[in-house]
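Keep the sequence and the 3D view side by side as you read. We will go from single residues to the place where the chains meet.

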Amino acid sequence: MADTWRFEREAALEPEIHVLAVDDNLIDRMMIKKLLLNLACRVTTVESGQRALEILETFEPVSMEEIKFNLIITDYCMPDMTGFDLLKRIKATCSLKDIPVIVMSSENVPNRINRCLEEGAEDFFLKPLQPSDMQRLREHVRSCTNIPGHAFMSSI
Amino acid sequence: MEVLRLQQQLIELTNSLFQEGFLDDQFTQIQMLQDEGNPDFVQEVVGLFAEDSERILSELTKALEMEPVDFKKVDAYVHQFKGSSSSIGAQRVKAVCVDFRAYAETENKEGCLQALQQIKQEFFAVKSKLEALLQLEQQILAAGGSVPMME
């Protein structure tokens, strides 16, 4: 059981994966942050889609090397801007569309899941996250490329 | 020996919390996230849950006192509360939230007021039990013992 929650940091030649976690719920922000920290990620949490876009858009690459976020995890049900709206905005933005987005929801609505996946979400998790979800999450984190310039160049 | 007695009390309290449905497995997940790097994780989560819930309950009380009642607003608050209580494993609170949402959806003010009363009862019950649990853990650690991990 301990293995699914712990993650031994590999030799620090690899830069950390920086994850943006978006959730209007305070407890959920704490939980997802802790889970991601356990996966050796650097984590920034925000409480709304609007705030997420502000943070994402202030990090325009200054040089080809600057990638600020490697992964975005967002809650679906949020007031004002839903996780789905945020996903669409990200996919429609040149400098952001290659950042993988994972959507989470406390409600198991198949249509919702399909729409998100069709809109380009990498994956969809039901909340609260179970230990059995951690393997999938860990794989997403591991598959995030942290190659400088990658996201920027592929949007040219 | 003091430590043994306290540990026994903790085990009994924890067992009853689960058996009586106050807490579910989600709380165990939270306990498992506590480690040397975050030795106060459970306490922090419980503290935030308590604070945040009291805020939501106060907003809900106000919202139901308005004429006319904005049921969409009520529903939004209950949704938040359902989310937090679910994330922390406060099973009975979450169950009342489900009923509460149904009343809000059908714009049933009486039902909402009843559900609010019930939620307050359940919340304060689980809050005081969680506080007792955390206090026992502190006492055990202070007495030089270790907190027994539940299977």
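A residue counts as buried when its relative accessible area is under 20%, as exposed when that value is over 50%, and as partly exposed in between. Keep those cut-offs in mind. Remember too that this is a predicted model.

Try the cut-offs on A:Asp80. Is A:Asp80 buried or exposed? Its relative accessibility is 85%, so A:Asp80 counts as exposed. Find A:Asp80 in the loop between strand 3 and helix 3 (83–91) of chain A. Its backbone has a feature to look for as well. A:Asp80 has a positive phi, about 65 degrees, although it is not a glycine.

Chain B offers another case. B:Glu107 is not a glycine, yet its phi is positive, at about 55 degrees. Where does B:Glu107 lie? Look in the loop between helix 5 (91–105) and helix 6 (109–142) of chain B. The relative accessible area of B:Glu107 is 55%, so B:Glu107 is exposed.

Now go back to chain A and follow strand 3, which covers residues 71–75. A:Asp75 lies in this strand. Is A:Asp75 buried or exposed? Its relative accessible area is 5%, so A:Asp75 is buried. Which residues are in contact with A:Asp75, once neighbours within four places in sequence are left aside? A:Val22, A:Asp23 and A:Asp24 are among them. So are A:Gly83, A:Met104, A:Ser105 and A:Lys127. There is a record for this residue too. An unreviewed UniProt entry lists A:Asp75 for "modified residue: 4-aspartylphosphate".

One of those contacts, A:Lys127, takes us to a peptide bond. The bond from A:Lys127 to A:Pro128 is cis, with omega near -10 degrees. A:Pro128 sits in the loop between strand 5 (123–126) and helix 5 (131–143) of chain A.

Chain B has a cis peptide bond to find as well. This bond joins B:Glu67 and B:Pro68, and its omega is about -10 degrees. Look for B:Pro68 in the loop between helix 3 (41–65) and helix 4 (71–88) of chain B.

Step back to view a longer stretch of chain B. In an unreviewed entry, UniProt lists residues 38–133 of chain B for "domain: HPt". How much of this span is helix, and how much is strand? Helix makes up 86% and strand 0%. The C-alpha atoms at the ends of the span lie 18 Å apart.

Finally, bring the two chains together. How many residues of each chain take part in the contact? On chain A there are 20, and on chain B there are 21. The area buried between the chains is about 1900 Å². Carbon and sulfur atoms give 63% of that area. Three residues, A:Ile27, A:Met30 and A:Lys34, supply 32% of the area that chain A buries against chain B, more than any other three residues.

Charged groups also pair across the boundary. Two salt bridges are found across the interface of chain A and chain B. One of them links A:Lys34 to B:Asp35, with the closest N and O atoms 3.1 Å apart. Seven residue pairs are in polar contact between the chains, counting pairs with both residues at pLDDT 80 or more. Which element gives chain A the largest share of its touching side? Helix 1 (residues 26–38) does, with eight residues. By class, the side of chain A that touches chain B has eleven nonpolar, four polar and five charged residues.

Conventions:
Residues are numbered from 1 along each chain as its sequence is written. Chains are lettered from A and ligands numbered from 1 in the order in which they are written. This is a predicted model: local features need pLDDT of at least 70, side-chain atom pairs count only at pLDDT 80 or more; totals for chains, interfaces and linings use all residues. Side-chain values use heavy atoms; hydrogens and water are left out. Contact means heavy atoms within 4.5 Å. Buried area is the accessible area (1.4 Å probe) that two parts lose on being put together, summed over both. A salt bridge is a side-chain nitrogen of Lys or Arg within 4 Å of a carboxyl oxygen of Asp or Glu. A polar contact is a pair of N or O atoms within 3.5 Å; within protein, one must be able to donate a hydrogen and the other to accept it, and residues adjacent in sequence count only if both atoms are side-chain atoms. Helices (H or I, at least four residues) and strands (E, at least two) are DSSP runs, numbered from the N terminus. Ala, Val, Leu, Ile, Met, Phe, Trp, Tyr, Cys and Pro count as nonpolar, Asp, Glu, Lys and Arg as charged, and the others, Gly among them, as polar. UniProt positions are given in the numbering used here, feature names are shortened, and annotations may be inferred rather than shown by experiment. Buried means under 20% relative accessible area, exposed over 50%, partly exposed in between (1.4 Å probe, protein chains only).
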